[in-house]
Amino acid sequence: MKKQKTKFLCQQCGYESVQWLGRCPSCGAWNSFTEEKFSLSAKAAALSRQLTGFSSEVLKLKDISVKDFSRYQTAIKEFDNMIGGGIVPGSLILLGGAPGIGKSTLMLHISDSLSDRGTVLYISGEESLSQVKARAERLKVKKNNIFLASETNLKNIIDAVNKIEPKFLVIDSIQTTYHPDLSSAPGTVGQVRETAAELLRVAKSKNIAVFLLGHVTKEGDLAGPRVLEHIVDTVLYFENERRQTYRILRAYKNRFGPTSEIGIFEMNSSGLSEVSNPSLIFLGERAAEAAGNTVTVAMEGTRPILLEVQALTARTAFGIPRRMVSGYDA
């Protein structure tokens, strides 16, 4: 038996209302509410109200034992150092970035490394299996412990997880995945929230490390409701300067490690390669004793990076001078 109901959801933060509101009382955004119709079965409605799918008895804090967990380290040192030493079993990691920045490429590299530790299930909702296989061959991914599926239905994805029982699950991407018991379109606030909550339940109950790949908006923010960033354990963003081959991976949230470290990669014909010494790149073409140039040190986490700053000035006929910046936040 299915229950029909209509909600108004804020596209910025996911706030729910039974009626349309001009301004969201949660985030303050104007005209951000959209109407979404839900067709939720009784079982799906019960699951949507709980994230982890299990409960515990009430215990005193001093009586709770803490089990030491071992992290899964990859062969990518830049990635391991950035997230605190490796991937925590049962964690939910969100990776966002602009289109074509290298999210899927990085996940294939990570899947290649993690396949030595256990089975990897890679779900692609945007590309066919042959397209993913072609990229894997270009990146020289030759592991036999990686399973691929082109699927967007969350129910079929969970069935594949129960059948294969992987240690690692990759969802590419969360905006294309939809819950079959919801009548709204994939990528909407309700779909993103419910699918992420269901994947969180799978990750915690089965102790599977789950990677969610996400899209970003024109403003550079992650597409979908803000509640998605609250659900996951780790939020990673790919950044790059336009027309540059270098990529910076930054952690904006990490429940199991620091958020100050960064990972630097270079995109080339063989995929993403690590940049262990970024100072050598930033100063490689520096002209000695050039006018208007200076070298400064920037600290990113525990790593000092040497950067070159150039200043150029010219006379202007306008009353207010114009300031232009490249590679630096104005």
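Which side chain of opposite charge is nearest to Lys-103, and how far away is it? In this predicted model, the answer is Asp-172, at a distance of 6.8 Å. Lys-103 is buried and yet has no salt bridge. A salt bridge here calls for a side-chain nitrogen of Lys or Arg within 4 Å of a carboxyl oxygen of Asp or Glu, so a gap of 6.8 Å does not qualify. Lys-103 itself belongs to helix 3, which covers residues 103-114. Once neighbours within four places in sequence are set aside, the contacts of Lys-103 are Leu-95, Gly-96, Gly-97, Ala-98, Leu-213, Gly-214 and Phe-238.

With that puzzle in mind, the whole chain can be introduced. The protein chain contains eight helices and 14 strands. It has 330 residues, of which 43% count as buried. Among contacts with a separation of 6 or more, 63% are made by residues 24 or more positions apart. The structure also holds 11 salt bridges, and a few of them are described further on.

Ile-87 gives a good picture of a residue in the interior. This residue sits in the loop between helix 2 (77-83) and strand 4 (92-96). Its relative accessible area is 0%, so Ile-87 counts as buried. Leaving out residues up to four places away in sequence, Ile-87 touches Arg-71, Tyr-72, Thr-74, Phe-79, Ile-93, Ile-110, Leu-114, Ala-209 and Phe-211. Distance along the chain and distance in space can be set side by side here: Ile-87 and Phe-256 are 169 residues apart in sequence, while their C-alpha atoms are 8.9 Å apart.

Helix 6 is a helpful element to follow in some detail. It runs over residues 189-206, a total of 18 residues, and at 1.5 Å a residue it should span 26 Å. The C-alpha atoms at its two ends are 26 Å apart, which agrees with that expectation. Helix 6 is also mostly covered, with 15 of its 18 residues buried. Just after the helix comes Asn-207, whose phi is positive, near 60°.

What lies alongside helix 6? The axis of helix 5 (residues 154-164) comes within 11 Å of the axis of helix 6, and the two cross at roughly 10°. Angles under 35 degrees count as roughly parallel, and helix 5 and helix 6 are therefore roughly parallel to each other. Where the two helices meet, helix 5 contributes Leu-154, Ile-158, Val-161 and Asn-162. Their counterparts in helix 6 are Thr-195, Glu-198, Leu-199, Val-202 and Lys-206. A general point about helices is useful when looking at such lists: an α-helix has 3.6 residues a turn, so residues three or four places apart point the same way.

Helix 6 also takes part in salt bridges. Glu-16 forms one with Arg-193, and the closest N and O atoms are 2.5 Å apart. This pair links distant parts of the chain, as Glu-16 lies in strand 2 (residues 16-17) and Arg-193 in helix 6, 177 residues apart. The two partners can be compared by their accessibility: Glu-16 is partly exposed at 33%, whereas Arg-193 is buried at 14%. Arg-193 has a further partner, since its side chain meets that of Glu-194 in a salt bridge with an N to O distance of 3.8 Å. Both Arg-193 and Glu-194 are buried.

Another salt bridge brings together the side chains of Arg-250 and Glu-239, at 3.5 Å from N to O. Arg-250 lies in strand 10 (residues 246-254) and Glu-239 in strand 9 (residues 234-239), so this pair ties together parts that are 11 residues apart in sequence. Both partners are partly exposed: Arg-250 has a relative accessible area of 21%, and Glu-239 has one of 26%. Elsewhere, salt bridges with shared partners join Glu-16, Arg-193 and Glu-194 into one network.

Strand 10 also holds Tyr-252. With a relative accessible area of 47%, Tyr-252 is partly exposed. Not counting residues up to four places away in sequence, Tyr-252 touches Val-235, Tyr-237, Glu-239 and Thr-259. Of these contacts, Tyr-237 is 15 residues away from Tyr-252 in sequence, and the C-alpha atoms of the two are 7.3 Å apart.

Key. Residues numbered from 1 in each chain as written. Predicted model: local features only at pLDDT ≥ 70, side-chain atom pairs only at ≥ 80, totals over all residues. Heavy atoms only, no water. Helix = DSSP H or I, 4+ residues; strand = E, 2+ residues; numbered from the N terminus. Expected span 1.5 Å × (residues − 1). Buried < 20%, exposed > 50% of the residue type's maximum accessible area, 1.4 Å probe, protein only. Lys, Arg positive; Asp, Glu negative; His and termini not counted. Contact = heavy atoms within 4.5 Å. Axes fitted to C-alpha atoms, helices over the stretch in contact; angles between N-to-C directions. Parallel < 35°, antiparallel > 145°, perpendicular 65-115°, else oblique.
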